[in-house]
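Me: Before we use any of the labels attached to this model, I would like to go through the reasoning behind them. Could you take my questions one by one?

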Amino acid sequence: MHMFLALYLCILNVVMFFFVQRDKEAVIKKKKHASYGGVFVMAMLGGALGTLFGMYTFHHMTRNKIFHCLVGAVLLGWCLFGPYAMLIAACVLSFVMYGYDKKMAVQDGWRVRESVLLVSAAAGGAFGALAAMVLFRHKIRKAKFYVTVPLLCILWVKLMQVLI
């Protein structure tokens with residue numbers, strides 16, 4: 001059951017991350033925003049981390065009210081689904097963000113801010129960030145990444161030991 005829940009959260013958060021990107025592209029093309037009610041419902045169902053990271057990554061913070069609702073949804077998701085399921089979702093999302101940034105670096109496209117990448121690692125995605133750094137050979141020469149991300153991994157291991 002826990003494996004199904006973790007898989008569900010991972011897929012939903014990755015979908016919501018890219019949903020925010022599509023919404024930003026639609027706004028740039030002078031089309032309408034997505035339904036904020038739908039975004040809120042998806043966040044409440046567990047996709048809040050993907051939505052938040054998407055908003056930060058694609059610089060698409062549209063309304064403070066929605067942002068505050070999503071922060072509340074993250075806390076609700078943590079309480080409902082447990083810390084491990086949310087951490088797995090954060091790791092997958094962080095992995096996707098680092099991979100996306102590497103792809104944009106190669107294609108010379110819009111990049112993800114370094115602060116956003118580090119925040120995604122600090123918010124529970126440290127293991128996904130470390131895996132992406134090694135796999136994609138991305139951000140491995142920058143001291144703030146090759147020092148901070150492994151330290152965050154150690155910190156999260158210790159924190160999970162305390163929570164057990």
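Reply: Gladly, with the reminder that this is a predicted model.

Me: Why is Arg-137 called exposed?

Reply: Arg-137 has a relative accessible area of 57%, and because the label exposed is given over 50%, Arg-137 counts as exposed. Its place is in the loop between helix H5 (114-136) and helix H6 (143-163), and it has a positive phi of about 50° although it is not a glycine.

Me: And is Lys-139 buried or exposed, and how do you know?

Reply: The relative accessibility of Lys-139 is 11%, and since buried means under 20%, Lys-139 counts as buried. Lys-139 too is placed in the loop between H5 and H6, and, although not a glycine, it has a positive phi of about 65°.

Me: What makes the span of H5 fall short of that of a straight helix?

Reply: At 1.5 Å a residue, a straight helix of 23 residues would span 33 Å, whereas the end C-alpha atoms of H5 are only 16 Å apart. H5 also bends by about 130° at Gly-125, and I would set that angle beside the span when describing a helix that is not straight.

Me: How do you know what kinds of residue line the largest pocket?

Reply: Its lining divides into five nonpolar, three polar and three charged residues, and by the classes used Phe, Trp and Tyr count as nonpolar and Glu as charged. Eleven residues line this pocket, with Gln-21, Glu-25, Phe-58, Tyr-100 and Trp-110 nearest its centre, and helix H1 (residues 2-28) contributes the largest share, four residues. The volume of the pocket is about 170 Å³.

Key. Residues are numbered from 1 along each chain as its sequence is written. This is a predicted model: local features need pLDDT of at least 70, side-chain atom pairs count only at pLDDT 80 or more; totals for chains, interfaces and linings use all residues. Side-chain values use heavy atoms; hydrogens and water are left out. Helices (H or I, at least four residues) and strands (E, at least two) are DSSP runs, numbered from the N terminus. Buried means under 20% relative accessible area, exposed over 50%, partly exposed in between (1.4 Å probe, protein chains only). The expected span of a helix is 1.5 Å times one less than its number of residues. The bend at a residue is the angle between axes fitted to the seven residues ending there and the seven starting there. On a 1 Å grid over the protein atoms alone, a cavity is a set of points where a 1.4 Å probe fits but cannot get out, and a pocket is an open set with protein on both sides within 12 Å along at least five of seven lines; lining residues have an atom within 4 Å of a point. Grid points are joined across faces, edges and corners, and a volume is the space filled by probe spheres set on the points.
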